[in-house]
Amino acid sequence: MTVTSSSCSLSGATGSSSTSIYGVTATPNDALDDTASIQGRINAAGIAGGGVVKIPAGTFIINGKLRMESNVKLEGVGPETILKAGPSFTGNYGPAGGYPIVTTAGADNTTLSNFTADQSGDSLNGNVSGRLNEYVIDVRNSMNSLVQSVHTRNPFTYSIAFVGGQKWCVKDSSTQSATDGKYVELDGIHAMNTSNGDIVGNVVDQRKGTDGDDGIAVHTYGDEDVHDIRIANNNVRGGRHGAGIDLAGGSGAVYNIDITGNTVWGSPRGLHDAYYDGTKQIHHIQIVGNTFKNNDIKSTGGAVDFERPVTYVTMTDNTACNSGDYRLPAGTGNVNARNIQSAVC
C-alpha cells in the first residue's frame, strides 16, 4: 500500500544533525548477541557530542535494550537491517521497566532511521511483567526526536510510542501485528501525555492477525494532557480489539489534534473516542478529507464515532464507503458538513 509522505510540519522535528560516523562492526546473521557492540557505538557517539551509528544489512540479535544518547542517529540501510529480540530478551528490563528494542529514555535530538525492529513476539512469550511499560520503539521524555523509515514486526506491546516530551515526528514508517490469540493491547503508533508531534505518511496494519488493537492512538494517562498532534496521510488498519484511529481522554484532556488525509480501512471502526481514567473532555479536533472504507460497523458510527460529549470538533469533506456513517453529538463549536457516505466502495 502506498501513502503520500508529508513533512514534520507541526513539530518541526529534525532529530540529530551530527555527521561523524560510528560504524557497527558486529557480524550479522550469526545468532550471537549484538547488544553490547551496538550500544558501545551509541555510547561512543554520545560521549563525543553526537554521531551517526551505522548498522549494515543483516539480522542483529538484541538480548538487552538499546538506549540512545543525545545528538545520536541510529541508522540502518533499510528494512534489511533487522534488530531482532533474542532468546534472552525478556530476561531484563529497559530503564522504564519494559521491553524496548530501542528507547530514547530522555535523550534529546535523536534520529532512528532505516531499519526493522522485530520484538519476536511470535516466538517469545511476551506476556511478562512490565509488558506495557515500554514499547518496541520507545521515544520517552525527549525533545526533537525523529523516527523515519522504521518498520516494526512481531510486537508483544505497542509498536512505536511517544511518551512525554515534545517536538517529535514519525514518518514513512510501518507497523504490523500478525499474531493470533497471544496478546491484547497491541497498538500501532501511540502518543501518550505528549505534545507537538507529527504522525505522517506511515502504513499501520494491526490486523494481519487477530491480536491487534488501535492503529493510531492519542491517549492521556493520569492527569496530563496530550495535544497539538498532526495525523496526516497515513494508511491505517486497526486491529480486531480497537479502531483505526482512537482518541482516548481521561483525567487529562485531548485537544488540538489535526486528522487529515488519512485512509482508514478494514477496522472495527474508523475513528473512535474513549475515556479510560476520568472525564476530561476531548476538544478542538479537526477531521478533514479522510477516507473510511470497508470498516466492520455498517450502522451509526462506523466511520467516525464520538460517543461522548465533545466540543469544537470540525468534521468536513470526509468520505465513507461500506463503513457506516458519522456520529458527532451536538456541542459547542462542532461542525459536521460535506461528509459523504455510500454503501459500497
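**Group meeting: Gly252 and the protein around it**

Let's start with one residue. Gly252 is buried, with a relative accessible area of 0%. Buried here means under 20%, so Gly252 meets that cut-off. Keep in mind that this is a predicted model.

Where does Gly252 sit? Its place is in a loop. On one side of that loop is β20, residues 245–249. On the other is β21, residues 254–260. So we have a loop residue that is buried because its relative accessible area is 0%.

Now a distance. Take Gly252 and Thr291, which are 39 residues apart along the chain. Their C-alpha atoms are separated by 29 Å.

Next, the whole protein. How many helices and strands does it have? The secondary structure comes to 1 helix and 31 strands. The radius of gyration is 19 Å, and the globule rule gives 20 Å for 345 residues. Those two values are close, so the protein is as compact as a globular protein of that length. As for dimensions, the C-alpha atoms fill a box of roughly 60 × 40 × 35 Å along the principal axes.

What about burial overall? Of the 345 residues, 57% count as buried. Gly252 is buried too.

On to contacts. Consider those with a separation of 6 or more. Of these, 74% come from residues 24 or more positions apart.

Now the surface. The accessible surface comes to about 12200 Å². Carbon and sulfur atoms hold 47% of that.

Last, charges. The protein has 24 positive and 33 negative charges. The mean positions of the two sets are 3 Å apart.

Conventions. Residues are numbered from 1 along each chain as its sequence is written. This is a predicted model: local features need pLDDT of at least 70, side-chain atom pairs count only at pLDDT 80 or more; totals for chains, interfaces and linings use all residues. Side-chain values use heavy atoms; hydrogens and water are left out. Helices (H or I, at least four residues) and strands (E, at least two) are DSSP runs, numbered from the N terminus. Buried means under 20% relative accessible area, exposed over 50%, partly exposed in between (1.4 Å probe, protein chains only). The radius of gyration is taken over C-alpha atoms; the globule rule is 2.2 Å times the number of residues to the power 0.38. Contact means heavy atoms within 4.5 Å. Accessible areas come from the Shrake-Rupley method with a 1.4 Å probe; for residues, only the protein chains shown count as cover. Lys and Arg count as positive and Asp and Glu as negative; His and the chain ends are not counted. The place of a charge is taken as NZ of Lys, CZ of Arg, CG of Asp or CD of Glu.
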